[in-house]
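Open the structure in your viewer and keep the selection tool at hand. The tour goes from one selection to the next and says what is there each time.

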Amino acid sequence: MNRPNAQPVASHFVDGAYVEDTAGAPIEVIYPATGEVIATVHEATEAVIEQALASAARAQVAWAATDPAERGRVLKRAAGMIRARNRELSVLETLDTGKPLQETLVADAASGADALEYFGGLAVDVTGTSMQFGGDWAYTIRRPLGVCVGIGAWNYPTQIACWKGAPALATGNAMIFKPSEATPLCALKVAEILVEAGLPAGLFNVVQGRGAVGGALTGDARVAKVSLTGSVPTGRKVAGAASGAMKHVTMELGGKSPILVFEDADLEDAISGAINGNFYSSGQICSNGTRVFVHEDIAEAFLTRLADRLEGVVMGDPLDEAVNYGPMTTEAQADIVMRYLQVARTEGARVVTGGTRLDREGAWIAPTVLADLTDDMTVVREEVFGPVMSVLTFRDEDEVIARANATQFGLSAGLFTRDITRAHRVVAQLMAGTCWINQYNLTPAGMPFGGSRQSGIGRENARMAMDHFTEVQTVYVGMSKVEAAF
Ligand code: NAD
């Protein structure tokens, strides 16, 4: 496949332009399908971080005072430009992450554009309330928070930048976005397009770096909010640092989500849901349903048909649109997944299919299905963040609800049944922020997305995200003489 040049103009995008400072430590960008270095960026130095913070703080004041209709128009223009450049951006997403082009053409820039369009439309609709107290009254105004920081995971670099940037900008904030050091390329394009669409300089800055750069941004007194997509341990650190300084936080963290397949489920749909919820993006999706509980009456049929369906996996160069399954995004993650598989075998799991690292360049792991599992096994309890589906069996509804909820996580859950009463009864008892009935992992921009318990706090997307990027100012209006004791 002909591979385009992935090297960005410069490492950072700050104050409306590409910025370079080679004094920062280099970060090599690896094409995960082959292990080749395809670009190099540099970590943000103190000077770059300062430029990002100062320009964001300056630009935000004027942006907050801009007619929301104009703010919305900028975001909607950017959405249109992203759609027009979908193929180019999807190729970049594939180079950055290794996800197949077949996937990125429909799931990444497209989802980013959806968020920009959705929040662009809502920008004019940030409303307050009013209340009467006799002759006096009070009203509320929703005000932007100021300078917000977005910190991304590696799996959806375009989408995460847009899901955080769009509601922040629609409500009058500035955003400084730090992509994952594993996938630094795509957010730069989002910044470039926003400026081309008319976003004033300084409002969406992208700075590169590892955790320390994220930490420096989180700790700066000019920052009012931090929105992180990442693992639970990082979430604890970032939320701790931010909330210690009374900053707002949104935490989109990891999960170990259940999919419940009842005996009356449409088997093909349930298998499709389990495939999408375990092998899309080679399993590197936070909301994946990695604990698949199948009713014991249909468990054998489920496993047999699942193994047939996995014959349809096509591996190869992710830029080839016939390929539907890619590598892990990083070598380090591939090592983590292989360690989990080793432990699973030691603890007695049966490998139904996959379980191996492929003998080729790049970080490839075959889609893996495990069976003969118990709920206390490591692979059933911990987030693997790779293409590993754990299939467990159950006998009755109360039992499976209790087992599905027996986790510290609470990001997502899914269930497959034709019984609508059971569907709603069960879903109401699942401890998860985002649930699907007879579907899995679809996340339109108009639907709140996020986790409960250790999986996070706050929600992305939908009108709710606007609330999370604003705060309420209450104004009491006195209409009569002021009474005082003396
Ligand atoms: P990670 O936690 O290692 O890193 C996430 C980001 O945090 C990176 O940009 C990293 O540089 C930064 N970071 C690390 N330490 C920091 C610190 N002390 N201060 C500030 N920033 C810091 O996560 P990852 O390995 O990139 O991504 C995988 C994880 O993300 C998985 O657990 C997955 O479930 C989760 N995830 C969650 C969602 C969601 O929406 N809930 C989406 C995608 C991924």
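**Stop 1: a pair of parallel strands**

Select Leu370 and Ser390: Ser390, in β16, is the bridge partner of Leu370. Widen the selection to strand β15 (residues 368-371) and strand β16 (residues 388-394), which pair in the parallel sense over three bridges. Two strands count as paired if DSSP finds at least two bridges between them. Strands here are DSSP runs of E with at least two residues, helices are runs of H or I with at least four, and both are numbered from the N terminus.

Before moving on, note that this is a predicted model, in which local features need pLDDT of at least 70 and side-chain atom pairs count only at pLDDT 80 or more, while totals for chains, interfaces and linings use all residues. Residues are numbered from 1 along each chain as its sequence is written, and side-chain values use heavy atoms, with hydrogens and water left out.

**Stop 2: the seven-stranded sheet**

Now show the whole sheet around that pair. In what order do the strands of this open sheet come? The order is β14-β15-β16-β13-β12-β17-β18, seven strands with mixed pairing. At the edges are β14 (350-353) and β18 (434-437), each of which pairs on one side only. Neighbouring strands of this sheet are turned by 25° against each other on average, direction ignored. Such angles run from 0 to 180 degrees between N-to-C directions, and the axes are lines fitted to C-alpha atoms, for helices over the stretch in contact.

Next select helix α15 (residues 420-427), which packs on the sheet and touches β12 (258-261), β17 (412-416) and β18. Contact means heavy atoms within 4.5 Å. The direction of α15 makes about 170° with that of β18.

**Stop 3: strand β7 and its neighbours**

Select residues 147-151, strand β7. Are its residues buried or exposed? Five of its five residues are buried. Buried means under 20% relative accessible area, exposed over 50%, and partly exposed in between, using a 1.4 Å probe and protein chains only. Both faces are covered, with Val147, Val149 and Ile151 on one side and Cys148 and Gly150 on the other.

Add strand β8 (residues 174-178), which runs parallel to β7 and is joined to it by five bridges. Then add strand β10 (residues 223-229), also parallel to β7 and joined to it by five bridges. Cys148 has a bridge partner in each: Met175 in β8 and Lys225 in β10.

Show helix α6 (residues 157-170) as well: β7, α6 and β8 make a right-handed β-α-β unit. Right-handed means that, with the strands pointing away from the viewer, the path from the first strand over the helix to the second runs clockwise.

**Stop 4: rings**

Lys225 has a further contact to look at: this residue lies over the face of Phe469, at 4.5 Å from the ring centre. A charge sits over a ring if NZ of Lys or CZ of Arg is within 6 Å of the ring centre and within 35 degrees of the ring normal. Arg360 lies over the face of Trp364 in this way, at 4.8 Å from the ring centre.

For ring pairs, the rings of Phe, Tyr and Trp (its six-membered ring) must have centres within 6.5 Å; planes under 30 degrees apart count as stacked, over 60 as edge-to-face and the rest as tilted. The count comes to nine aromatic pairs. Select Phe177 and Phe204: the centres are 6.4 Å apart and the planes are at 15°, so the pair is stacked. Phe177 lies in strand β8 and Phe204 in strand β9 (residues 204-206), so the pair ties together parts that are 27 residues apart in sequence. Phe177 is buried at 1% relative accessibility, and Phe204 is buried at 2%.

Trp436 and Tyr440 form a tilted pair, 4.8 Å centre to centre with 50° between the planes.

**Stop 5: the three-stranded sheet**

Finish with the open sheet β5-β6-β20, whose pairing is antiparallel. Its edge strands are β5 (130-133) and β20 (470-477). Strand β6 (residues 136-144) is joined to β20 by eight bridges, and Arg142 stands opposite Val472 in β20.
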